[in-house]
Every structure is written in C-alpha cells, then in structure tokens.
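Let's take a walk through this structure together, moving from strand to strand and then on to the ligand. Have your viewer open and follow along.

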Amino acid sequence: MSIDELYARAGVDGWRLRKAVSLLSDGRWWTLADVVRETATSRRTIEALMRALPLEHRDQHVRIPTEQVKHYNISISSSISDPVSHLVDTSVVSRLAELIAKAPRGRSALDHVSATPETVVRRALLLGARFWLPGSRLLCVGDHDLTSLAVRLIHPEVEVMVVDIDDRILAYIDEQDLGVTTRWADLRLGLPASARGFADLAITDPPYTPDGVGLFVARGLEGLRDRDEGRVLLAYGASERTPMLALKVQHALADLQLLNEAIYPDFNRYDGAEAIGSAADLYVLRPTTKTWPAVASRVDRLATAIYTQGPQSVESSEAAPPDLGDYAPDLLVGDWPRDLLPGVPRVRLSTWLAKPYAAHVSRVAIHAPAGLEAALPRLVLAARDAEVRVFGTASSVRLPPTPDAITKRILSNSHGKVANTWREGLVAELGLTKNQARARIPAWAGATALELPMHRLTELATEVARSREDEDPGAHEV
Ligand SMILES: C[S@@+](CC[C@H](N)C(=O)[O-])C[C@H]1O[C@@H](n2cnc3c(N)ncnc32)[C@H](O)[C@@H]1O
C-alpha cells in the first residue's frame, strides 16, 4: 500500500503516521521500537508504514534517505501527552533509571512490562501538580514500575505503601530504604488488612484485561481512607487498532460507578509492549456514592483469570481438581468439587487468608491451582497449628525457619499483628515492660505475618534473636 493510501485510510487518526514520517525524516537513525514508543502507535501500524517508505538501513536502525526527505515534508512536533514535562528534573530521571536497571527482571506471567524512568517520574510530578500532597498517603497497587520510589524521592511528604504479589519487588523496594511500606498481597485473594482504608490516592498499572483492570482498581478503591475526595490513578492502554478492547475495559470501570475525571492520552511509555504502541493513557478516576456498593458486590467475582499471557492468562483453562487420596481433612480450603466429602466444612481461599478460621481444625486440605505459588506459604501459615496438605500445584512450599519460641508464636498466630505477638513474647520471656519490648521491635512488624514480604519472614528468626539482646532496633539495618 502506498503512503497516500495509508494516510487516506487513517483519516483524522493519520496524525500518528505523519508524526512517524516526521521522525524518520529528521536525519537521525531510528529503531522500530523507538518510533513505536515515540508515536504511541502499534508496531503493526508502524511496520505497515515503514513498508511504504523508501528507508535506508544501518544495523537495527532506519531513516528516510536525505535526498528523499523533501518528498515527505512534514513537521509534527507538538504533543498533548505531557502535562508535566516542564517539571522534569533530569537528575531524578537518572536516579530512577539506575534503580529500574538494577530491579528484578520482569515476569511475563505477571504482565510485567517496565515503564520508562521518565514515565515514573512524570507520574510522581502529576500527583504533585494535581493534588495537595502534604499529609497524604498513596497506595501503589502493584509496583514493578517503582512509582513508589519516584514519589518518595520527589514528594517525601507523602506516606507510601506498596502491595504486590512479587516478593522480589518488595525486597528490592525495602532495600532502597526510602521509607516505603511494603505488603505482600495476591490481589485476586484480597487486599491486606493494613492496606484497607489506608490511602488518599491509589495508583495502579494493572494487567490490561477488563477483569485485571476492574480488580486492581477495585482493590485501589478498597485501599482509600478518603471515600469522598480520594482518587485512583490508572495506567491503561490499547492499540489504536482495537477500540473495542478499550471499550470493554471502560465498561469495567463504569461497572464500578467511577467518574472519569481525566484521561491523559499516551502519558505512560514502556520498554516493550509494542503491540499497544509501548504506551498507555493515564486515567484519573473518582469514586461516587454508587461506587462502594458496586465494589462490594463485584470485587470477588472479578478475581478470576486476569492476565494477558502465560499459564494463568484468560485463555488458559483450569485443570480438574486433584484427588485427596487417603487424606481425611476436617476442612476444605479453596475450590473443590461440590460432591467431595459431604458435611466437611469449606472455606474460600480469600476468607482463609483474611481471618482466622473460627472452629478448631486439625487436618486441612488446600486446593491451590497453578498461579498461586506466591500465596502457598501464606496459605499454609494461615492454618496456624493444624496439619496442612496442599493439592493442585507441583511446587513445594518453603516455610520460614522457626528456631525459637517467639518466632514460632508469631508465625502460628499468623493473622495477628506481628509486633503484638513479638512484644508479648519479649515481655513473657525476658520480663521486659511493654514499652521496653516495643522499643526493640522494628517498624515493619506492624503487619500480620500473612502480609509481610517473604524476606521479612525469612529474616524473622534472626531479628527476633537480635531483639532478645538488643535495645534499639534502629541501630541495625532491618
Ligand atoms: C500487572 S504489572 C503491569 C505492568 C507494569 N508496567 C509493571 O511492569 O509493573 C503491575 C504489578 O502488579 C503486580 N501483580 C501482578 N499480579 C498481581 C496479583 N495477583 N496480586 C498483586 N500484585 C500483582 C506485578 O508484580 C507488578 O508489580
């Protein structure tokens, strides 16, 4: 197809083609990925455009040859995608670039695609340009992008909490010691108690399926303490070729009765995700009075197949639940066939993690299908002292070590606040006063064991040992 035919077919949306042509004729050498990102246009569209242009090649780079440029005389320099570019401080961008470069690598099964350092910085700047931040709290609903770190660097007055399923990311954020609170969560199973009603603002870059967006935004809403003035910021984008997909996602937002206060087009840029032009819009969503009943009635139904790729994606189907063999549980946790063991009580995985089971049980069978690996140690710890068997997954469960009585007590009281059980343990074993004991306990222990990142759980026994000897937890790296 000729360039004129492509322009004609694109109609008013043809500005993006002309923008690509203006880049390719500016004398510089361009990779396909950079043209995709710069124009926020899908790879397929850019490839079709490139086939219609007389390009010269050098390594992985292309451009329109100098002598041909006069035939493509177009200049499109302005863009409406950047309301905060004038505020960007390049030294913060470099700092973020370093942090992102050293961060744990993305996992496609969790729909990780890194946002660019500029994007993360601009998200933080937009928060400050649009909202009054002193005294405010931000909840990052998933944070592989490290938006939390950019916000702490640029707006240290904001209290920031991150919830994420990926223990590596939580450990990395803790390592930076920038004052971010981290909590483990599988959002399909719920938001940790300490994150509920925590924030004034929530920000999320969720898996880009209607259920993924609906679920992460609903969890962000559950994380708000200010139900009148709070906002949820959402990064979401689709290819310019698939408006129906974007419409489905917008329906998921409408189902939550959210007001769309703003959509900044192409605000977020990524390394990768070329199918959607390596770009996503930034939504500012405001809850209405109708939002809260909608969240309550929908959130559990959304928690199904949320990912775009991998074994847990919308397209993969669930295998049949496994056989119990000769195990005779007195409690079934998770999804089991209806006719299995009539009379034996059942609990959903989300309820199991959210609160201690009321009755005494001694043998628990948990069905944890593939994709719930990160939740496994937590599902087992939630059983407290009961015997547990896990079915439905091939992976083994690694539990944190419990060499001493206090650590054992903390982990077997897994739904209780770690700091409380720890304090009681120090008081009982060392005869300290409550205040003396409290002074020996690090701030991160203000969560339940089920919410703590894995590295905190693995280090727990060492930290407990230290607290037996030491009076000041601040004197150590924790
Ligand atoms: C879905 S990814 C989206 C892409 C984004 N640009 C990124 O790479 O971070 C966003 C974050 O959500 C986290 N996440 C994915 N599935 C989750 C789940 N079920 N519960 C909690 N967090 C989850 C990921 O670990 C990641 O940090």
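Strand β8 (residues 231-236) and strand β10 (residues 279-287) pair in the antiparallel sense, with five bridges between them. To find your place in this pairing, look for Ala-235 in β8, which stands opposite Leu-282 in β10. Keep in mind as you look that this is a predicted model.

Now consider β8 by itself. Six of its six residues are buried, so the strand is largely enclosed by the rest of the structure. In a regular strand, side chains alternate between the two faces of the sheet. In β8, one side carries Arg-231, Leu-233 and Ala-235, the other Val-232, Leu-234 and Tyr-236, and both faces are covered.

What is the sense of the pairing between β7 and β8? These two strands run parallel, and four bridges link them. Two positions make good landmarks here: Ala-202 stands opposite Val-232 in β8, and Ile-203 stands opposite Leu-233. To get from β7 to β8, the chain passes through helix α9 (residues 210-222), and this β-α-β crossover is right-handed.

Strand β7 (residues 201-204) is also covered on both faces: Leu-201 and Ile-203 are buried on one side, Ala-202 and Thr-204 on the other. Strand β4 (residues 137-141) pairs with β7 too, in the parallel sense and over four bridges. In that pairing, Ile-203 of β7 is the bridge partner of Cys-140.

Let's turn to the ligand. It is surrounded by 22 residues, and the closest are His-112, Val-113, His-144, Asp-164 and Tyr-307. Sorted by class, this shell holds 11 nonpolar, three polar and eight charged residues.

Which side chains place a polar atom close to a nitrogen atom of the ligand? Asp-145 has a side-chain N or O atom 3.1 Å from a ligand nitrogen, and for Asp-205 the corresponding distance is 3.3 Å. His-144 brings a polar side-chain atom to 2.8 Å from an oxygen atom of the ligand. On its own the ligand has 560 Å² of accessible area, and the protein covers 98% of that.

One last stop is Ser-25, in the loop between α2 (15-24) and β1 (30-31). Is Ser-25 buried or exposed? Its relative accessibility is 13%, and therefore it counts as buried, the cut-off being under 20%. A polar atom of the Ser-25 side chain lies 2.7 Å from the backbone oxygen of Val-21.

Methods. Residues are numbered from 1 along each chain as its sequence is written. This is a predicted model: local features need pLDDT of at least 70, side-chain atom pairs count only at pLDDT 80 or more; totals for chains, interfaces and linings use all residues. Side-chain values use heavy atoms; hydrogens and water are left out. Buried means under 20% relative accessible area, exposed over 50%, partly exposed in between (1.4 Å probe, protein chains only). Two strands pair if DSSP finds at least two bridges between them. A crossover is right-handed if, with the strands pointing away from the viewer, the path from the first strand over the helix to the second runs clockwise. A residue is near a molecule or strand if one of its heavy atoms lies within 4 Å of it. A polar contact is a pair of N or O atoms within 3.5 Å; within protein, one must be able to donate a hydrogen and the other to accept it, and residues adjacent in sequence count only if both atoms are side-chain atoms. Accessible areas come from the Shrake-Rupley method with a 1.4 Å probe; for residues, only the protein chains shown count as cover. Ala, Val, Leu, Ile, Met, Phe, Trp, Tyr, Cys and Pro count as nonpolar, Asp, Glu, Lys and Arg as charged, and the others, Gly among them, as polar.
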